[in-house]
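This report examines how two protein chains meet and describes selected residues within them. The sequence and structure are shown first.

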2 protein chains.
Amino acid sequence: MPTLGIDVGASKVRYVIWEGNQALLDEEVKLPAPGREELGRVFQEISQKIKETKVSTVGVGLPGTVEEEMVTYAPNFPTLLEWDFKPELEKLLNAPVRLFNDAKAFVFAEVQAGAAKGKQNVVGLTLGSGLGGGIVFNGALYLGKGTAGEVGHEIVDLPNRREAEDFASAKFFQKFGKSPDELRQLAEDGDQTAKQAFNEFGKNLGTIIANLVNLLDPEVIVLGGGIAGAYDFFIEETKKAAAGLIVNPNRKNIEIKKAALGNSAGAIGAAILAKI
Amino acid sequence: MPTLGIDVGASKVRYVIWEGNQALLDEEVKLPAPGREELGRVFQEISQKIKETKVSTVGVGLPGTVEEEMVTYAPNFPTLLEWDFKPELEKLLNAPVRLFNDAKAFVFAEVQAGAAKGKQNVVGLTLGSGLGGGIVFNGALYLGKGTAGEVGHEIVDLPNRREAEDFASAKFFQKFGKSPDELRQLAEDGDQTAKQAFNEFGKNLGTIIANLVNLLDPEVIVLGGGIAGAYDFFIEETKKAAAGLIVNPNRKNIEIKKAALGNSAGAIGAAILAKI
């Protein structure tokens, strides 16, 4: 029986019907605001769209910390803390619902069916409005006591208590007064300032990747999220910076790959995780 | 049959005969210099001391990166890169020899028989001339592709490319013109500058621990190495700084424990690892 995977973002919700390692349906719905009513309407819409399909279980990826099926931290989507939607969604879809962190769902999907397929030890990063992370050890999602993988909140500027997210997410680009998408457009048109912005971003990301390689020594790093669309503009600096900081001489050319499942990775990962 | 564990440090070598989860013998030999001749003489001395005991296997903990039974990085003990002593030691002790990183041997010993006994997910830190680290996941030593756990080389000051070791090892105390031992003595005598030095060290260490908790969410952090002797002078600031930076509200009071096996942990860990 197929599984339903739903990936809830701050401005859109993606959902897939997943069976036999492929998506039978893959749709996106706009979310006008990250509010309770708006999200409720999207869930209604999804239930209507899939009502002909009987699903065995539902996995939901969420932009926040998920612990024992509860959202415990969601600064960019506070509705998720205030509204325990799981029982309502179970009734609506007539199937058990399980909740996951979106970045962890993303990396698990990439290991199961994407850029890191078949790898045992993988770190995935989502480069978006924040910096999300997920860790796979021995082929399984690693959660520690429940919430491991918060790469974005690593302090990488100890004297000023600034975290990785300030250096390698959309937050980094704020000083340029433009969004990462706008800057990518400019870089494609040959704008030097925009290119320089991505160079600097790439260098920062390389440092964060070196930290992860020195600490976790994975086989591959997978990059997803909106900013990964500008991969070609930053990856060279990323690889150079990482190589300069990775301690082990045999790991300096760590494999860094762009995510393969695109915008569907989070929904696919939630669908797969829900079955495990 | 018992196992021999040897922990090679820059100025001393510790060795234990380990059987039935206890040390039948636990000795230390001074190493006048980290050179090939000096270490060769110490190995001779050990072989003489244990010649009445038949050991099944020998584990050696080394201050460097060990990968596939080879030392690949040892900035504080270059002899280890230049001299492949394993075959000589096997002949001398008439038993197979296996090589490990000393900090990883330390944390594994603390999980098997020390402060973190019975825990499944543990991070251990050795606070000494450098900052060593070891990670245990699901009760097993985690090595990634072979060399995971290099906490000390994590960049925690990205703008200046300074690493964790600069903030939370003997290197941090250099600016005070005294060794950690001298400063601990002064702190015990009530010296305010020395106390302040440990407060600052503690705060730095708390930040590094918060990073590890956010990323790996372990059950407990174990602190060993010479500077852990000054635990009482820094732990309060460490816990306060960590609590302020750990994202998950349920993990703010992460358990931080002082190592229980003292100076023998590295040798015990090497002995246990050699049997696995």
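The sections below treat the symmetry, the interface and three individual residues.

**Symmetry of the two copies**

The model is a predicted one. A turn of 180° with a shift of 0.0 Å along the axis lays chain A on chain B with an RMSD of 0.0 Å. The two copies are therefore related as by a two-fold rotation axis. Of the interface residues of chain A, 100% are also interface residues in chain B, so the copies meet through the same surface.

**The interface**

Chain A and chain B each bring 44 residues to the contact. Between them, about 3900 Å² is buried, and carbon and sulfur atoms give 57% of this area. Within chain A, the residues that lose the most area to chain B are A:K145, A:L158 and A:L215, which together account for 18% of what that side buries.

The polar component comprises 31 residue pairs in polar contact between chain A and chain B, with both residues at pLDDT 80 or more. On the side of chain A that touches chain B, at least two residues each are supplied by strand 5 (65–67), strand 6 (70–73), strand 9 (131–137), strand 11 (155–157) and helix 8. Helix 8 of chain A provides the largest share of that side, 8 residues. Sorted by class, the side of chain A that touches chain B has 19 nonpolar, 14 polar and 11 charged residues.

Salt bridges between chain A and chain B number 2. In one of them, the side chain of A:R251 meets that of B:E67 at 3.0 Å, N to O.

**A buried residue of helix 8**

A:N214 belongs to helix 8 (residues 192–216) of chain A. With a relative accessible area of 4%, A:N214 is buried. Residues A:L245, A:I246 and A:V247 are among those that A:N214 touches, and its contacts in chain B include B:T147, B:A148, B:G149, B:E150, B:H153 and B:E154.

**Two residues with positive phi**

Most residues other than glycine have a negative phi. Two residues of chain B with positive values are set out below.

| Residue | Phi | Relative accessible area |
|---|---|---|
| B:N138 | near 50° | 58%, exposed |
| B:D217 | near 45° | 0%, buried |

B:N138 is located in the loop between strand 9 (131–137) and strand 10 (140–141) of chain B. B:D217 occupies the loop between helix 8 (192–216) and strand 13 (220–224) of chain B.

Terms used
Residues numbered from 1 in each chain as written. Chains lettered and ligands numbered in written order. Predicted model: local features only at pLDDT ≥ 70, side-chain atom pairs only at ≥ 80, totals over all residues. Heavy atoms only, no water. Helix = DSSP H or I, 4+ residues; strand = E, 2+ residues; numbered from the N terminus. Buried < 20%, exposed > 50% of the residue type's maximum accessible area, 1.4 Å probe, protein only. Contact = heavy atoms within 4.5 Å. Buried area = accessible area lost by both parts, 1.4 Å probe. Salt bridge = Lys/Arg side-chain N within 4 Å of Asp/Glu carboxyl O. Polar contact = N/O pair within 3.5 Å; in protein donor to acceptor, adjacent residues only side chain to side chain. Nonpolar A, V, L, I, M, F, W, Y, C, P; charged D, E, K, R; others polar. Least-squares fit on C-alpha atoms with pLDDT ≥ 70 in both. Lists of a residue's contacts leave out its neighbours within four places in sequence.
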